[in-house]
Amino acid sequence: MMKKEKHTRMLSGAVYDLRVALHGRFAGKRKPNRKFMSKKTKDMIFYTVLIAFPIAQFAYFYVAVNVNSVLLAFKSYDILSGAYGFAGFSNFINIFKEFSGSNLMAKTAVNSLVAYAVGLIAGVPLALLFSFYITKKFPGHGFFKVILFLPSIISAIVMVVLFKYFVDRLYPEFMLRVFHKTVPGLLTDSRSAFATVLFYSILVGFGTGVLVYSGAIARIPASLTEAAKLDGITSLREFWYITLPLIFPTISTFLIVGVAGIFTNQLNLFSFFSSSAEYEVYTFGYFLFAQTAYAGTANYPRLAAYGLLFTLVAAPLTFGVKKLLEKLGPEATEF
Amino acid sequence: MKRKIWKVNNIVFVLLFAVLLVYVLLILLPLVWGLYTSLKTREGFVRDVLWPAWPPTFNNYVSAFSNFQIKVAGLQGTKVFYIYDMFLNSLLYALGGAVCSAIVTCVTAYLVAKFPYRFSKIVYGIVIVALILPIVGALPSQLQLTRAIGVYDNMIGMWIMNASFLNIYFLIFYATFKTVAKDYAEAASIDGASNFTILTRLMIPLVKNTLFMIILLQFIGLWNDYQTPMMFLPSAPTVAYGMYQFSFSALNSFNVETIKITGGIMMLMPVLILFLVFHKKLIGNLTMGGIKG
């Protein structure tokens, strides 16, 4: 028994010696323990895999859609065959005829410009003043902030339904009872319909502006306003000389992006009137949407041509406004 | 001098307070009027448009609930969608679209902010140009191309269509990720964390509040949007589109002002509750800088 145990111990000792010898023989020649991939390669693969979908989505839903829109502007639709064919500039010629031959487009252009101008002259300053009020934490600021943002979260169609009956049913009733005057509803009366729609659009459009402006005002270092207050500055002068210059980059962003609104703002007309709004209240945005929704596939090339023309006006106008604001605006660093 | 400052400050405050008070009245009056009008009978409304009626009745809600339906004509005949079908469609459309859009925007902003490749700069440039450059009237083309790849009238297709990073939220995520120090990711990397682990376990939790707020804002926007489902998802009408149809319906059962107003109040409630619960998060300070370059 003892002999067998001794024999086994000797054998295992020999195996161990052999392993040590083999290790000594080959260990020096073994390749260094490299990782499967370098960090750079791993980063690159990770980046490529994750960015592939967003880029593909962008390539199709932005690039291809817009390229196709340009091509569509030079096509016509054959109702019999249901196919599109090259039409040269005929869509554009028809558009120029529409512009020169009817009052519709002239009225639409005027309405769109008026809506933009009123938004600029009344909407932006009011949004800035409201933001100033909220950021300075004047009484009721929390409540006002919630109410200012409320129309942005309520569905446009719901707000419009309530407002529509409010101005068309309640307003005439109110005028009759209080002032003993018989008046038509504000939307029913074609003389007041556009002003009412415009007023409504500005009324419900403060939300995002106030939110972003008050965020920008809140980032102005307190030390700046405190120092000004010690020098005896009034709230009005603080707003004009400190707040406005310091948040100018944010304001200019809104103004630049807003230029496109001349051609895209529907003024909630589709929610008010569906596709049957009177020509007196038309805007470019409403015209394009209502036509696409109800005029059918045959009209797509004509509408694409309208879109291309509007873009050709809107794009340089936007960049022009950007350059102008950079040149005329105060040189300020936003915090 | 101090007296003059005090006077000017007070005048500014009183004027702004008065304007804001008028604003609040203009916003709340139609809502309050709509709410008590929804509790009137048709006859009660005709008798007195101005004031609430007593006792209130909930019959309009019952009528609006049972009549709120849309008939959609398809290849297999006409299908009727009731209010609960439309709520489900709205939920799928808004939740899927909001989550897809916010995650794609968040991940793209992370890649662009944290991986300084030349391509990242190109992507950033694309966002800025797309935000400034106005492209008008691409809707017909969009309809054509969505039909071409089967995205049209398809719920998942709508999520894909919404999953774009070309929005203002990209800049918010980008600014947030830029402020996160490199040390976090480097420390995690030394401990053996993969890029995916760093993104999902470290970076996304760091921006989870912003991500949640953006999902919520997108959700509300999509929930309320009736024009996109009307144009791109005709076989799955959402509740917002249903409301649009309802408000212009000339059918006898719908064509009553009180019923239409009640429909509006009914649709208002879910979003209003969501807003009242989360309003502090939603209207916290949203930060956005100017456009440079």
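The radius of gyration is taken here over C-alpha atoms, and the globule rule sets it at 2.2 Å times the number of residues to the power 0.38.

**Figure 1. Overall form of chain B in the predicted model.** For 293 residues, a compact globule would have a radius of gyration near 19 Å, whereas the value for chain B is 25 Å. The C-alpha trace of chain B spans about 80 × 75 × 40 Å along its principal axes. Its secondary structure comprises 14 helices and two strands. Of the 293 residues in chain B, 38% are buried. When contacts in chain B between residues at least 6 apart in sequence are considered, 71% join residues at least 24 apart.

**Figure 2. The two domains of chain B and the contact between them.** The domain assignment divides chain B into domain 1 (2-62) and domain 2 (65-282). Their C-alpha centres are 32 Å apart. The contact involves ten residues of domain 1 of chain B and eleven residues of domain 2 of chain B. On the side of domain 1 that touches domain 2, helices α1 (2-37), α2 (42-47) and α3 (59-67) of chain B each supply at least two residues. That side of domain 1 of chain B consists of four nonpolar, four polar and two charged residues.

**Figure 3. The strand pair of chain B.** Strands β1 (residues 70-74) and β2 (residues 77-81) of chain B pair in the antiparallel sense over five bridges. The two strands, β1(B) and β2(B), form a hairpin, with two residues between them. Within this pairing, I70(B) stands opposite F81(B) of β2(B).

**Figure 4. The contact between chain A and chain B.** Chain A contributes 81 residues to the contact and chain B contributes 74. On the chain A side, helix α2 (residues 39-72) of chain A provides the largest share, 17 residues. The residues of chain A that touch chain B comprise 54 nonpolar, 18 polar and nine charged.

**Figure 5. The largest nonpolar core.** This core holds 143 residues, and those that touch the most other members are I157(A), V158(A), L162(A), V197(A) and M243(B). Helix α4 (residues 83-114) of chain B gives the most to the core, with 14 residues. Because domain 1 (2-62) and domain 2 (65-282) of chain B both give residues to the core, it lies between them. Apart from neighbours within four places in sequence, I157(A) is in contact with S271(A) and with five residues of chain B: Y226(B), A240(B), M243(B), Y244(B) and S247(B).

**Figure 6. Surroundings of L126(A) in helix α4 of chain A.** L126(A) lies in the helix formed by residues 103-135 of chain A. L126(A) has 18 other C-beta atoms within 10 Å and is therefore partly exposed, since a buried residue would need 20 or more and an exposed one would have 12 or fewer. The C-alpha atoms of L126(A) and F206(A) are 8.4 Å apart in space, although these residues are 80 residues apart in sequence.

**Figure 7. Surroundings of A228(A) in helix α9 of chain A.** Helix α9, which holds A228(A), covers residues 222-230 of chain A. With 15 other C-beta atoms within 10 Å, A228(A) is partly exposed. Not counting residues up to four places away in sequence, A228(A) touches I233(A), E238(A) and I242(A). A228(A) and E238(A) are ten residues apart along the chain, and their C-alpha atoms are separated by 7.6 Å.

Key. Residues numbered from 1 in each chain as written. Chains lettered and ligands numbered in written order. Predicted model: local features only at pLDDT ≥ 70, side-chain atom pairs only at ≥ 80, totals over all residues. Core = buried A, V, L, I, M, F, W, Y, C linked by C-beta atoms within 7 Å. Helix = DSSP H or I, 4+ residues; strand = E, 2+ residues; numbered from the N terminus. Domains from an automatic or database assignment. Contact = placed C-beta atoms within 7 Å. Nonpolar A, V, L, I, M, F, W, Y, C, P; charged D, E, K, R; others polar. Pairing = 2+ DSSP bridges.
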